[in-house]
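Here are my comments on the model you sent, set out as numbered points. Please read them with the sequence and the structure open beside you.

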Amino acid sequence: MNMGRSTTLSFDHDDRRRIYEFVERQGRASTDEIRDATSIDPRGLRHHVAILKRDGHLVEADDGSLEVAFGQGATEEHRSSACSFAIRPATQADLSGLVGAIRRVATEEPDIVAETVADLIDREEVLLRHNEVESRMFFVATIDEEVVGWAHLRAPELEKLAHTAKLTVGVLPEYRRCDVGSHLLERAVNWARDQGYEKLYNSVPATNEGAIDFLAERGWDTEAVREDHYRIDDEYVDEVMMATWLRD
């Protein structure tokens with residue numbers, strides 16, 4: 001499934017579309033829940049689910065339920081002198097830990113986009129999205145199954161913008177010495193490139209110098225500055241808009 005190049009989902013059977021759309025709206029669903037919602041007979045449901053899994057639209061979670069699939073890849077294990085951590089695609093089970101991590105980082109170092117992402121997924125109670133309006137993908141860094149960092153990609157499913165995606169990345173302060181952020185960014189960028197995206201964006205308040213320096217050191221450029229775009233603690237703050245091209 002190539003999100004960056006294809007702006008529409010294609011299904012060759014209406015029941016498969018109905019199954020996919022139900023799972024995508026729910027974030028995760030069991031076959032019993034799908035059957036109750038769609039009224040598809042059990043034999044047909046098993047057949048359609050098998051094809052959706054084969055074609056890379058759905059994936060089976062550890063508990064046997066179904067989730068939207070993006071060809072996310074496997075878990076990567078990393079070890080540094082400071083700590084060991086894993087980076088993997090997020091699943092619906094990570095939602096609460098992910099929301100907590102994003103909100104903590106965004107509170108300590110203002111990141112309005114990340115804060116908005118946390119509010120959105122907390123309200124919708126769904127992590128991954130891939131429909132005809134938008135797509136969003138998360139990778140998480142974990143230590144002992146605790147979410148300590150994230151990378152998030154969001155793209156509008158609009159043909160004229162299908163080559164671009166917005167990225168946010170963050171790590172809890174006590175784990176930054178482990179170089180978690182660099183590995184998260186690399187994983188997200190590589191995935192975006194594999195999906196056909198050509199350009200990534202990130203926008204942060206000018207006061208978040210750590211985020212700006214982090215991206216600049218890794219080749220991101222400042223494309224624009226919007227003056228007084230934010231009002232934080234009753235003070236107007238510029239927005240720094242950064243980007244990187246993924247072209248070879």
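1. A word on terms before the details: two residues are said to be in contact when they have heavy atoms within 4.5 Å of each other. Under that reading, and leaving aside neighbours within four places in sequence, Glu76 is in contact with Phe85, Ala86, Ile87 and Arg187. Please keep in mind throughout that this is a predicted model, and that the values below are computed from it.

2. Glu76 itself belongs to strand β3, which spans residues 76–79. Its relative accessibility is 30%, and because the partly exposed class runs between 20% and 50%, Glu76 is counted as partly exposed. One of its contacts, Ile87, is eleven residues away in sequence, while the two C-alpha atoms are 5.1 Å apart in space.

3. As to the overall form, the secondary structure comes to seven helices and eleven strands. The radius of gyration is 19 Å, which agrees with the value near 18 Å that a compact globule of 248 residues would have. Taken along the principal axes, the box filled by the C-alpha atoms is roughly 60 × 40 × 40 Å.

4. On burial and surface, 50% of the 248 residues are buried, and the protein exposes about 12600 Å², of which carbon and sulfur atoms supply 43%. If one takes the contacts between residues at least 6 apart in sequence, 62% of them join residues that are at least 24 apart. The side chains include 30 positive and 50 negative ones, and the centres of these two sets lie 6 Å apart.

5. The strands β6, β7, β8 and β9 can be followed one after another. β6 (134–143) and β7 pair in the antiparallel sense over ten bridges, and within this pairing Ala141 has Gly149 in β7 as its bridge partner. β7 (residues 146–156) is in turn joined to β8 by six bridges, and these two strands also run antiparallel. Two positions on β7 show how the strands line up, since they can be checked directly in the viewer: Ala151 stands opposite Val169 in β8, and Leu153 stands opposite Leu167 in β8.

6. In which sense, parallel or antiparallel, does β8 run with β9? Here the two strands run parallel, and three bridges join β8 to β9, which covers residues 199–205. Lys166 stands opposite Tyr201 in β9.

7. The covering of these strands deserves a comment of its own. In β8, residues 164–171, seven of the eight residues are buried, and the strand is accordingly described as mostly covered. The description mostly covered applies to β7 as well, with eight of its eleven residues buried.

8. Two aspartates outside the strands have backbone angles worth inspecting. Asp144 lies in the loop between β6 and β7, and these strands form a hairpin with two residues between them. The phi of Asp144 is near 50°, a positive value in a residue other than glycine, and with a relative accessible area of 76% Asp144 is exposed. Asp234 lies in the loop between β10 (221–232) and β11 (235–245). Its phi is near 65°, again a positive value in a residue other than glycine, and Asp234 is exposed, with a relative accessible area of 69%.

9. Is Asp94 buried or exposed? Asp94 is in the loop between β4 (84–89) and α4 (95–108), yet its relative accessibility is 7%, and because buried means under 20%, Asp94 counts as buried. Apart from neighbours within four places in sequence, its contacts are Arg88, Pro89, Leu127, Val140 and Val147. Val140 falls within the span given for β6, and Val147 within the span given for β7.

10. Finally, Arg54 lies in helix α3, residues 42–54, and is exposed, with a relative accessible area of 62%. Arg54 and Thr75 are 21 residues apart in sequence, and their C-alpha atoms are 21 Å apart in space.

Terms used: Residues are numbered from 1 along each chain as its sequence is written. This is a predicted model: local features need pLDDT of at least 70, side-chain atom pairs count only at pLDDT 80 or more; totals for chains, interfaces and linings use all residues. Side-chain values use heavy atoms; hydrogens and water are left out. Helices (H or I, at least four residues) and strands (E, at least two) are DSSP runs, numbered from the N terminus. The radius of gyration is taken over C-alpha atoms; the globule rule is 2.2 Å times the number of residues to the power 0.38. Buried means under 20% relative accessible area, exposed over 50%, partly exposed in between (1.4 Å probe, protein chains only). Accessible areas come from the Shrake-Rupley method with a 1.4 Å probe; for residues, only the protein chains shown count as cover. Lys and Arg count as positive and Asp and Glu as negative; His and the chain ends are not counted. The place of a charge is taken as NZ of Lys, CZ of Arg, CG of Asp or CD of Glu. Two strands pair if DSSP finds at least two bridges between them.
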